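Hi,

Here is the structure I promised to pass on. Have a look at it first, and then read my notes below.

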Amino acid sequence: MSASPGPVELGIGLALVLAGSLAYSTSFESLASRLGLGQGVAGVIVSPLLTSVPELAVFLAALLGFGSGGAMVAEGTVIGEPLVIATAATPAVVALTGGLHVDRSLARPYIAFVALFPLVLLPGTLEGGRVTRALVAAALLASYAALAALSPTGEGMPEPRLSMSASATILTASVAAFALGSRLLVAGVLWASGVMGLDPLAVSSLLVPAVTALPESLASLAWARRGVGTLAAASLVGEQVLYATVYPAIAILVRPWPLTALSAAGVVATEAAMAVVALGVRRGRLGPGHALFGLSCLVAYVLLLGLAR
């Protein structure tokens, strides 16, 4: 990749993510079906571990990088990603499909996320030595493991479209496309934001997370349009649960960030949107009202960003 990324990298990155998402949705669905996984487990636990590769790369690079901007990018990634999924990706999937019918047992991870997500503020408030930080990080990781163990099985997967070997091969290639495509997209977005003079906080908390959330968002949209609503919703909340537990644990151990009022506001907006979605999941359906409320939370956060400049 060139030192000064531009529109070419932006276009190539977008093409890779789009192609990877289409390939991923089919190959993952087929592989999960052949492995006998239910939509709940496949979406909440397995899929996020694959689609979060681009976000993890950005997050670790920011945490381990030098300079004062690293902490801001890390914080923007870990808070902005769930914010984007809750207030933009989920409403978009619901709106573009006319509503989602989901297994009601999926409400468990949604409620768990609402309860756990405020923990992303811990790296900015926690005091103490390495032992204290290690214990808190271990508790966060244990909470993720407990949620994984209690994840709902959900409905069965549709009949597989691909063989086991074809599914595994295409899945591997799609994850590689996610990683490379997202890297190019992030570089292109940073280039474009510099050209347009956008606020760094808006870039780190909205634009970069919007880019890195594309793989799971597009895959969820493909599943929703094929009538696999539980898998679509499960994959979105599964990604968010990672950000409420595993990512803060890493930050506590590696490089805590300072707590800001805007980061707290991002958590509040995410919590509000997800609480309403969780109520819809408990009833077994997400409709236009849930999408509209999520978008209103996004608008409120964007307006707050503008006032803070």
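What follows is a short tour of two helices and a surface patch.

A word on the source: this is a predicted model, where local features need pLDDT of at least 70 and side-chain atom pairs count only at pLDDT 80 or more, while totals for chains, interfaces and linings use all residues. Residues are numbered from 1 along each chain as its sequence is written, and side-chain values use heavy atoms, with hydrogens and water left out.

Start with helix 10, residues 214-225 (helices are DSSP runs of H or I, at least four residues, numbered from the N terminus). Its 12 residues reach 16 Å from first C-alpha to last, close to the expected 16 Å (1.5 Å times one less than the number of residues). Helix 10 is mostly covered, with 9 of its 12 residues buried (under 20% relative accessible area, 1.4 Å probe, protein chains only). Among them are L221 and W223. After helix 10 comes G227, with a positive phi near 85 degrees.

Helix 12 (261-283) has 23 residues and reaches 34 Å, close to the 33 Å expected. Just after helix 12, G284 also has a positive phi, about 90 degrees.

Now the surface: L56, L60, L64, L253 and V254 make a nonpolar patch (residues with over 30% relative accessible area and no salt bridge, nonpolar side chains joined within 5 Å; a salt bridge is a Lys or Arg side-chain nitrogen within 4 Å of an Asp or Glu carboxyl oxygen). Helix 3 gives the largest share, 3 residues. L253 sits in helix 11, and L253 counts as exposed because its relative accessibility is 53%, and exposed means over 50%.

Cheers

How values were computed. Helices (H or I, at least four residues) and strands (E, at least two) are DSSP runs, numbered from the N terminus. Patches are made of residues with over 30% relative accessible area and no salt bridge: like charges are joined within 9 Å, nonpolar side chains (Val, Leu, Ile, Met, Phe, Trp, Tyr) within 5 Å. Accessible areas come from the Shrake-Rupley method with a 1.4 Å probe; for residues, only the protein chains shown count as cover.
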